[in-house]
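Colleague: I should like to learn how a protein model is read, one feature at a time. May we work through an example together?

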Amino acid sequence: MSTNTQTTLNTLQQEITQCEQQRCDALVKGDIAALEKLLTQDLVHIHANGQGEDLSAYLNTVAQHLEFLTVQRVDLKIRASNAALNVAVATGELKQTIRVRANGQQVDMRIVTTQVWQRDDANGQWKQSSFHATNIA
């Protein structure tokens with residue numbers, strides 16, 4: 001691998017790591033507007049319980065039904081999925097504590113996620129287009 005290619009991959013990894021941290025921070029802050037800016041309009045979000053949501057449903061779930069108390073990424077691996085470096089796949093463990101608003105139940109979660117990030121052609125901003133979580137036994 002050439003030095004330029006490695007530098008470009010390192011930059012991509014840093015950018016995705018930063019976007020993922022912004023996403024986690026937005027969840028904990030309950031900042032739906034900041035969260036929405038990090039997601040594509042055609043988002044597919046699969047929760048650890050298998051429930052799938054589009055962008056509107058996911059934002060509603062976050063705003064109305066869940067309170068994120070903590071969100072922590074562990075060992076996130078990021079790789080480019082095409083030669084143009086405008087699509088990246090991130091996989092890794094996610095630890096989070098949520099509170100279900102309806103009954104106040106607090107849930108500690110340990111999951112593994114696969115995320116697809118796409119660079120927006122209009123402004124170069126990375127946005128998440130797919131998220132799939134699975135509980136770790």
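**Reading the contacts and the core**

Modeller: Let us begin with a single residue in this predicted model. Apart from its neighbours within four places in sequence, Leu27 is in contact with Leu35, Tyr58, Val62, Phe68 and Val71.

Colleague: Which residues touch the most other members of the largest nonpolar core?

Modeller: A nonpolar core is a set of buried nonpolar residues joined through side-chain atoms within 4.5 Å. In this structure the largest such core has 20 residues, and those touching the most other members are Leu27, Leu35, Leu39, Tyr58 and Phe68. Two or more core residues are given by each of α1 (3–29), β1 (39–46), α3 (55–65), β3 (66–80), β4 (87–100), β5 (106–119) and β6 (126–135). Helix α3 supplies the largest share, 4 residues. A second, separate core holds 11 residues, including Leu9, Cys19, Ile78 and Leu85.

Colleague: How many helices and strands are there, and in what order do the elements run?

Modeller: The protein has 3 helices and 6 strands. Read from the N terminus on, the order is α-α-β-β-α-β-β-β-β.

Colleague: What does the radius of gyration say about the overall form?

Modeller: One compares the value with that of a compact globule of the given number of residues. For 137 residues such a globule would have a radius of gyration near 14 Å, and the 15 Å of the protein agrees with this. Along the principal axes, the C-alpha atoms fill a box of roughly 55 × 35 × 25 Å.

Colleague: What share of the residues counts as buried, and how much area is exposed?

Modeller: A residue is buried when its relative accessible area is under 20%. Of the 137 residues, 36% count as buried. The protein exposes about 7600 Å², of which carbon and sulfur atoms supply 47%.

Colleague: Is Asn60 buried, partly exposed or exposed?

Modeller: Partly exposed lies between the limits of 20% and 50%. Asn60 has 38% relative accessibility, and therefore counts as partly exposed. Its place is in helix α3. Asn60 and Asn10 are 50 residues apart in sequence, and their C-alpha atoms are 34 Å apart in space.

Colleague: What share of the contacts joins residues at least 24 apart in sequence?

Modeller: Here one counts contacts between residues at least 6 apart in sequence; 53% of these join residues at least 24 apart.

Colleague: How many positive and negative side chains are there?

Modeller: There are 12 positive and 14 negative side chains, and the centres of the two sets lie 5 Å apart.

Notes:
Residues numbered from 1 in each chain as written. Predicted model: local features only at pLDDT ≥ 70, side-chain atom pairs only at ≥ 80, totals over all residues. Heavy atoms only, no water. Buried < 20%, exposed > 50% of the residue type's maximum accessible area, 1.4 Å probe, protein only. Contact = heavy atoms within 4.5 Å. Rg over C-alpha atoms; globule rule 2.2 N^0.38 Å. Areas by Shrake-Rupley, 256 points an atom, 1.4 Å probe, with all protein chains shown as cover. Lys, Arg positive; Asp, Glu negative; His and termini not counted. Charge placed at Lys NZ, Arg CZ, Asp CG, Glu CD.
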